[in-house]
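Have the sequence and the model side by side for this one. We'll take a walk through it together, one chain at a time, and then see how the chains meet.

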Amino acid sequence: MSHHVVPLKTYYTIFFALLALTAITVAVAFLDLGALNDVVAMGIASTKASLVILFFMHVKYSSKLTWVAIIGGIIFLAILLIIILSDYMTRGADTFPQAW
Amino acid sequence: MSAKNTALQHHFNDLDQQYQASQLGMWAFLVQELLFFGGLFAGYVVYRNLYPEAWTLGSHELDVSLGSTNTAILILSSLTMAMAVYWAQKGQKTKLVLFLVATLILGCSFLGIKVIEYSHKVQHHLLPGNGFSFDSPLADQVRIFFSFYFAMTGMHAFHMIVGAGILIWLIVQAMKGRYTAEYNTPIEMFGLYWHFVDVVWIYLFPLLYLIGRN
């Protein structure tokens with residue numbers, strides 16, 4: 001069987017890391033870092049998400065096929081965001097409907 | 001791996017193959033969930049860039065302490081879910097049931113706090129619709145922020161409600177002794193779903209609650 005039993009100690013470590021990162025992201029939100037605020041917030045969120053995916057979801061120990069499925073999904077999400085934003089960010093504000 | 005094993009379905013060679021198929025199938029589902037939520041996130045980014053001031057105004061109407069508490073509750077529920085998977089793999093039925101129940105209670109606590117938050121928003125006329133009112137020249141733009149707030153957190157909460165329903169079913173099955181050290185795939189697959197819903201919240205929390213706080 002390829003079931004990998006992750007030890008409880010690993011789960012505890014990840015749990016406390018996630019709580020610490022949550023505290024950091026709240027604290028940093030109250031500092032004025034200019035445009036960096038968003039970068040830091042998304043960086044911390046992605047770090048937390050990676051910890052959950054790799055350890056709680058056992059992906060670190062999963063098959064290559066599972067990795068392909070996940071990375072494929074992330075690439076498609078990136079395509080969705082990049083193509084939408086490369087349109088909207090290059091239009092100029094006056095081309096949007098003015099209903100609001 | 002004997003032919004007597006009742007957990008093994010006839011179209012698989014062995015339990016490992018069956019397990020790998022379940023895992024890949026679950027991830028295929030979660031990846032389409034990622035793109036489903038991705039549409040909401042894409043809309044959020046477009047409108048936030050159009051109306052940054054309104055997004056700051058709207059975000060300030062949200063309660064950071066309730067949002068942080070809910071984040072902590074959800075992370076704790078992910079820990080209890082991971083521990084449920086651990087005890088399922090060890091074949092410890094009582095501890096499995098215990099941690100599944102803990103996960104259910106934490107999930108319901110999250111939803112309870114969400115109900116409190118929603119009712120505050122409705123009382124303050126922040127639910128988009130005829131009753132919406134916001135004292136600012138940007139009120140119409142703030143309404144769009146709250147459309148995103150309710151759509152994104154609402155879709156997330158819907159996933160939590162579905163998860164709670166499945167948890168109840170898993171608890172009943174676990175109490176019947178359905179899951180053993182050899183066969184516990186449904187527990188592990190549900191764990192993947194639960195953690196995925198946690199990941200979505202990990203992004204929702206800073207994007208909705210923590211904008212322009214400085």
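What follows is a tour of a predicted model, going from the chains to their interface.

Let's begin with chain B. Its 214 residues include a 55% share that is buried. Look for strands and you'll come up empty: chain B has six helices and zero strands, so to speak a plain α-α-α-α-α-α run from the N terminus on. The C-alpha trace spans about 70 × 30 × 30 Å along its principal axes. If you take the contacts in chain B with a separation of 6 or more, 79% of them link residues 24 or more positions apart.

For a look inside chain B, find B:His156, which sits in helix α5. Is B:His156 buried or exposed? B:His156 counts as buried because its relative accessible area is 1%, and the cut-off for buried is under 20%. A polar atom of the B:His156 side chain lies 3.0 Å from the backbone oxygen of B:Val197. B:Val197 also turns up among the residues that B:His156 contacts beyond its neighbours within four places in sequence; the others are B:Phe37, B:Leu74, B:Phe110, B:Val200, B:Trp201 and B:Leu204.

Now over to chain A. This chain has 100 residues, and 32% of them count as buried. Here too you'll find helices and no strands: three helices and zero strands, in the pattern α-α-α along the sequence. Of the contacts in chain A with a separation of 6 or more, 53% come from residues 24 or more positions apart. The domain assignment splits chain A into domain 1 (1–60) and domain 2 (63–91), and the C-alpha centres of these two domains lie 21 Å apart.

A handy residue to click on in chain A is A:Thr25, in helix α1 (residues 8–29). A:Thr25 counts as buried because its relative accessibility is 5%. Which residues does A:Thr25 contact, leaving aside its neighbours within four places in sequence? Within chain A they are A:Ala41 and A:Ile44, and from chain B they are B:Phe205 and B:Leu210. A:Ala41 is 16 residues away from A:Thr25 along the chain, yet their C-alpha atoms are separated by 6.0 Å.

Those contacts to chain B bring us to the interface. In total, 55 residues of chain B are in contact with 52 residues of chain A. The area buried between the two chains is about 4,600 Å², and carbon and sulfur atoms give 77% of it. On the chain B side, B:Trp27, B:Ile75 and B:Asn214 lose the most area to chain A, together 13% of what that side buries.

What about charges and polar groups? The rule finds one salt bridge across the interface: the side chains of A:Asp38 and B:Arg48 meet at 2.9 Å, N to O. As for polar contacts, four residue pairs are counted between chain B and chain A, with both residues at pLDDT 80 or more. The side of chain B that touches chain A draws at least two residues from each of α1 (15–50), α3 (64–89), α5 (139–175) and α6 (185–209). The largest share, 19 residues, comes from α1(B). Sorted by class, this side of chain B has 34 nonpolar, twelve polar and nine charged residues.

Conventions. Residues are numbered from 1 along each chain as its sequence is written. Chains are lettered from A and ligands numbered from 1 in the order in which they are written. Side-chain values use heavy atoms; hydrogens and water are left out. Contact means heavy atoms within 4.5 Å. Buried area is the accessible area (1.4 Å probe) that two parts lose on being put together, summed over both. A salt bridge is a side-chain nitrogen of Lys or Arg within 4 Å of a carboxyl oxygen of Asp or Glu. A polar contact is a pair of N or O atoms within 3.5 Å; within protein, one must be able to donate a hydrogen and the other to accept it, and residues adjacent in sequence count only if both atoms are side-chain atoms. Helices (H or I, at least four residues) and strands (E, at least two) are DSSP runs, numbered from the N terminus. Ala, Val, Leu, Ile, Met, Phe, Trp, Tyr, Cys and Pro count as nonpolar, Asp, Glu, Lys and Arg as charged, and the others, Gly among them, as polar. Domain bounds come from an automatic or database domain assignment. Buried means under 20% relative accessible area, exposed over 50%, partly exposed in between (1.4 Å probe, protein chains only).
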